[in-house]
Amino acid sequence: MNTQTLDALKIDAVRKSYGSLQALKGVSFNINRGEFFGLLGPNGAGKSTLISIIAGLSRATAGHVSVLGHDTVSDFRAARRLLGVVPQELVFDPFFNVVDMLRIQAGYYGCGEEVWPWIDEMLERLDLKDKRHSMLRALSGGMKRRVLIAQALVHKPPVVILDEPTAGVDVELRRTLWAFMRDLHAKGTTVVLTTHYLEEAQEMCSRIAILDKGEVKALETTSALLGRSPFRFLRLKLGEGAALPDGLRTLVTSEKDGVIELKLETAKHPINGVFTALRNAGAVIEDVHTREPDLEDIFIELTREGAVA
Amino acid sequence: MNPNQRGFYTLLKKEVMRFWAVLGQTVSAPVITALLYLLVFAQALKGRVVAGYDGIDYTQFLVPGLVMMTVIQNAFANTSSSLIQSKVMGNIVFTLMAPIGPLEWFGAYILAALVRAALVAVAMLAVTMLFVHLPLHAPLALLVVFLLSAATLAALGIIAGLWAQKFDQIAAFTNFLITPASFLSGVFYSVHSLSGFWFHLSHLNPFFYMVDGFRYGFFGHADVPIAQSLLWITGFFLLVSGIAYWMLHTGYRMRK
């Protein structure tokens, strides 16, 4: 089979039910080879359920998933050898030290001593070199997270899923991790990221799917997603004693230290109109900034109650 | 070695390394416990004649039963404790996400349990043979009974480990099934010394055939013919192995 032309991940009408609860309601999308893909959504959206199905930890009620053309059920061995998953939970085996655990993990995937230099490189890159012979149970949470990342990458999978890899970790590890993932991505690895830190997704991912209540609410390139918002934000600092006219009060999203932020619908509220209203009210503008919506604004817009994708 | 074989070998090695890391708890402790049984019972019942075992004193009679009882308990403990620990700690995901099929999983866990059971058995025999003379009548039968019995209990441990969701449930399985059935399997007595009901009930206990068959390997005679013991043990092995394999294949209580 020529895997060069295939999607890295193909998710086809995947449903998952737990009794009457439908965690996934027929989710379908593809992730291209070499993409840095973001899978976002609020808690309970179905992200982890979908990742569990891809990883083989959970079985779909209906639908199929394939990794580089290999079905994760009927051809599970090939699919799993092509996939590395960093689980969300901080799990570890207390009986082993770091290097033994990585060698065991490599062996599960059919790899032997030929990956030991790669293990050494990962220990170096993830700042685990000094912890090589430390027992896993003796490591801090951040160190355990690094080991989990190394475990997922030990068999050099062409597709990597990171399920909230930076949850609860310090800035240093985030930087280390993202530098490492950027390198891997540059060498052709497909990376799928779920995170609640939306600025990370905005910075790293070229395409994003937003999942909510078991459905795909949006699936676009990051730039298209950012550009689809009909809003922009205007921050104003008014002069001493100046008040915002009543007509603009409904547009206020935040007010802090005298700085007022207005959410303007581009078609309905031209900036010029805001300035005219302020001038007519006799308000003096001391400072002004505009801000384009970021991923967090889009995310909130798409996942709020009653939102239409 | 192809990738599937390497996956199997690694899982086997990991399971052996797991109990090896706590050898004092997994091998030394059960050997010492069994030797204490031997010391106490042999002292208390010294000179007792065992019905149907002419020329064999009670201490000699006791040793094979104690070895098999320890094998039974440790083969079960190895697989059941490994699985429940992995499930409770959450690290079972590493095996679940790996390209390891149910047959490799089953084989690796059974073989690792056999290694532990063999270590326990050899350690016990090595120590007791310093004090007790044991003939070796049928080494092949001895080996077959040992392998089948330990593999059966390892498979039962897989069933218990997959079924249980907390340590209490494994303890209940051990305390209310494995320990009573192994104690009442004729380790300390010949079933011919039992009255009608208990005599017949003993013949429904698969552990009885394991102990009796193992004893045959040493002495050349036992409470029931060796063929009957082998038939029972093989049947029980196939039954529990089939269930354990099905549970691994379906991901019972592992893959949601």
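Here a trainee and a mentor talk through how to read a predicted two-chain model.

Trainee: Where do I start with the numbering and the cut-offs?

Mentor: Residues count from 1 along each chain as its sequence is written, while chains are lettered from A and ligands numbered from 1 in the order in which they are written. The model is predicted, and local features need pLDDT of at least 70, side-chain atom pairs count only at pLDDT 80 or more, and totals for chains, interfaces and linings use all residues.

Trainee: Which element of chain B has the lowest mean pLDDT, and which the highest?

Mentor: pLDDT is the predictor's confidence in each residue, from 0 to 100. Chain B averages 94, with 100% of the residues at 70 or above. Among its elements, helix α2 (residues 23–44) of chain B is lowest at 88, and helix α6 (residues 139–163) of chain B is highest at 98. For the complex, the predictor gives an ipTM of 0.91 and a pTM of 0.88.

Trainee: How many residues does each chain bring to the contact?

Mentor: Two residues are in contact if their C-beta atoms, placed from the backbone, lie within 7 Å. Chain A brings 25 residues and chain B 22. On the chain A side, α2 (76–81) and α3 (98–108) each supply at least two residues; helices here are DSSP runs of H or I, at least four residues, and strands are runs of E, at least two, numbered from the N terminus.

Trainee: How is chain A divided into domains?

Mentor: Domain bounds come from an automatic or database domain assignment. For chain A that gives domain 1 (3–226) and domain 2 (230–292), and their centres, taken over C-alpha atoms, are 43 Å apart.

Trainee: Which strands of chain A form the open sheet of 4 strands?

Mentor: Two strands pair if DSSP finds at least two bridges between them. In chain A the order is β2-β1-β4-β5, with antiparallel pairing. At the edges are β2 (21–31) and β5 (70–71), each pairing on one side only. Strand β1 (residues 9–18) of chain A joins β2(A) through 8 bridges, and V14(A) stands opposite V27(A) there.

Trainee: What do 7 bridges join to strand β11 (residues 231–238) of chain A?

Mentor: That is strand β13 (residues 259–265) of chain A, running antiparallel to β11(A). In this pairing, F233(A) has K263(A) as its bridge partner. β11(A) also pairs antiparallel with strand β14 (residues 285–291) of chain A, over 6 bridges, where L238(A) stands opposite I285(A).
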